[in-house]
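Welcome, and thanks for opening the viewer. Let us walk through the structure together, one selection at a time.

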Amino acid sequence: MRFIYILFLWFFNTLSAGASSISNQVMDQHRGGALTYKKYCIICHGKRGFGDGVLPLAIRHYPSTDLVNFRIAPTADKIKEVVLFGLLSNHVKSEMPPYVNELTDRELESIVNFVILLRKDNQTAVAHIDKTPTLKKTSVTFGKIIFRQRCVKCHGYEGKGDGALGSIIKDPPPYNLTISKASDTYLRALIRKGGAAMNRSPHMPPWGAELTRLDIDSLILYLLSIREKVPGA
Ligand code: HEC
Ligand code: HEC
C-alpha cells in the first residue's frame, strides 16, 4: 500500500514538474517574442498589434497593418511565410519587409507565437513588451545594433541609402548617411520627429515614441562614426 502511495507521489510530481517546465518554456518564448516584436515589428504594427505603428500613422494611404483583426495570415504557417518572405510572398502586396535573412530560427518561431498571443491574449502580450529590458548608457556599439535593427531596411547595411526599401522609396530616396553633414542637434530632431515634421520626406519615420533618448543618442554616436572622413580634415 505504502509502495503504491510513493509510486503515486512520484508519478504526480513528475507530471507537475513536466507541466511547469513546459509553461516556463512558453514564458521564455513569449519574452523572446516580445523582444523581437519590439525590435522589428512595432514600428509598423503598433505595440498592441492593432496596426497603429508610427510609420503607418505618418504615411497617407498606408495599407492596414492590423495583426489582430487579420486579413492575410490566419494560421501559424501563413504568419511564418509572411514574416519570412514579406512582399516577396504571394500573400502580401505592399510594404511588409521580408525577414528571411534577419531572424534566427528561434526568433522566427517566437515571433510567430507572439503574433498568435497578440490575437488570443492581447493584454498578456503587451505586458511582455512592457517588461522588455532597456539600455542604461549610450554607446556607439549599441547605436550600431539599433541601426541594424531599425534603419538598414531603408538606409542600407552601411548607411549608404541602398537598403531593400530604397528601391521603392524615391523622390527622395533614403539618405546616404555617410555623406551627411547635419549637426547632432538636427539629427536628434529629425530622428525624433521624422521627416514630415521637418519638411523632409514623410518616408523617414518619426522615432520619438519608439526609441528612448539613450537609444537616439547612441544612434547619433554611430551615425557620426560612419561618416566619410574628409581627406586632410
Ligand atoms: C515597414 C513596415 C512593416 C514592418 C517593419 C513589419 N510589417 Fe508586417 N506588414 C506590413 C504591412 C504593410 C502588411 C500588410 C500587407 C498587405 O496588406 O498586403 C503587413 C502584414 C503582416 C502580416 C499579415 C497580417 C494579416 O492580415 O494576417 C503579418 C503576420 C505580419 N505583417 C507580421 C510582421 C512581423 C512579425 C513583423 C516583425 C518581424 C513585421 N510584420 C514587420 C508592414 C510591416
Ligand atoms: C522607411 C524608410 C526609412 C527608415 C526605416 C529610416 N529612414 Fe531615415 N530617411 C529616409 C528617407 C526617405 C530620408 C530622406 C529624407 C529627405 O531627404 O527628405 C531619410 C533621411 C534620414 C536622415 C537625414 C540625413 C541628413 O543629413 O539630412 C537621417 C539622419 C536619417 N534618415 C536617420 C535614420 C535613422 C537613424 C533611422 C533608424 C532609426 C532611419 N533613418 C530609418 C527613410 C527612412
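## A tour by selection

Start with helix 8, which provides four residues to the shell around ligand 2, the largest share. Keep in mind throughout that this is a predicted model.

**Stop 1: ligand 2.** Select ligand 2 and show its surroundings: 24 residues surround it, and the closest are Cys151, Cys154, Ser180, Arg200 and Met204. Helix 7 (152-155) joins helix 8 here, each supplying at least two residues of this shell. Colour the shell around ligand 2 by residue type and you should find 16 nonpolar, five polar and three charged residues.

**Stop 2: along helix 8.** Now select residues 184-197, the 14 residues of helix 8. What is the distance between the C-alpha atoms at the ends of helix 8? They are only 17 Å apart, short of the 20 Å that a straight helix would reach at 1.5 Å a residue. Centre your view on Ile191 and you will see a kink of about 70 degrees in helix 8. Then step past the end of the helix to Asn199, which follows helix 8 and has a positive phi, near 60 degrees.

**Stop 3: ligand 1.** Move over to ligand 1, where the surrounding residues number 25, the closest being Cys41, Cys44, Phe70, Ala73 and Met96. Which helix gives the most to the shell around ligand 1? Helix 1 does, with five residues. Helix 1 (2-45), helix 3 (76-85) and helix 4 (105-120) each supply at least two residues of that shell. By type, the shell around ligand 1 divides into 19 nonpolar, three polar and three charged residues.

**Stop 4: helix 4 and helix 5.** Stay with helix 4 and add helix 5 (residues 122-130): their axes come within 5 Å and cross at roughly 130 degrees. This crossing angle is why helix 4 counts as oblique to helix 5. To see the contact, show Phe114, Leu117 and Leu118 of helix 4 with Asn122, Thr124 and Ala125 of helix 5. Four of these contact residues are nonpolar, two are polar and none is charged.

**Stop 5: helix 6 and helix 9.** Finally, select helix 6 (residues 140-150) and helix 9 (residues 213-225), whose axes come within 7 Å and cross at roughly 95 degrees. That makes helix 6 roughly perpendicular to helix 9. Display the side chains at the contact: helix 6 brings Val140, Phe142, Gly143, Lys144, Ile146 and Phe147, while helix 9 brings Asp215, Ser218, Leu219, Leu221, Tyr222 and Ser225. The contact of helix 6 with helix 9 has seven nonpolar, three polar and two charged residues.

Methods:
Residues numbered from 1 in each chain as written. Chains lettered and ligands numbered in written order. Predicted model: local features only at pLDDT ≥ 70, side-chain atom pairs only at ≥ 80, totals over all residues. Near = placed C-beta within 6 Å. Nonpolar A, V, L, I, M, F, W, Y, C, P; charged D, E, K, R; others polar. Expected span 1.5 Å × (residues − 1). Bend = angle between axes of the 7 residues up to and from the residue. Axes fitted to C-alpha atoms, helices over the stretch in contact; angles between N-to-C directions. Parallel < 35°, antiparallel > 145°, perpendicular 65-115°, else oblique. Contact = placed C-beta atoms within 7 Å.
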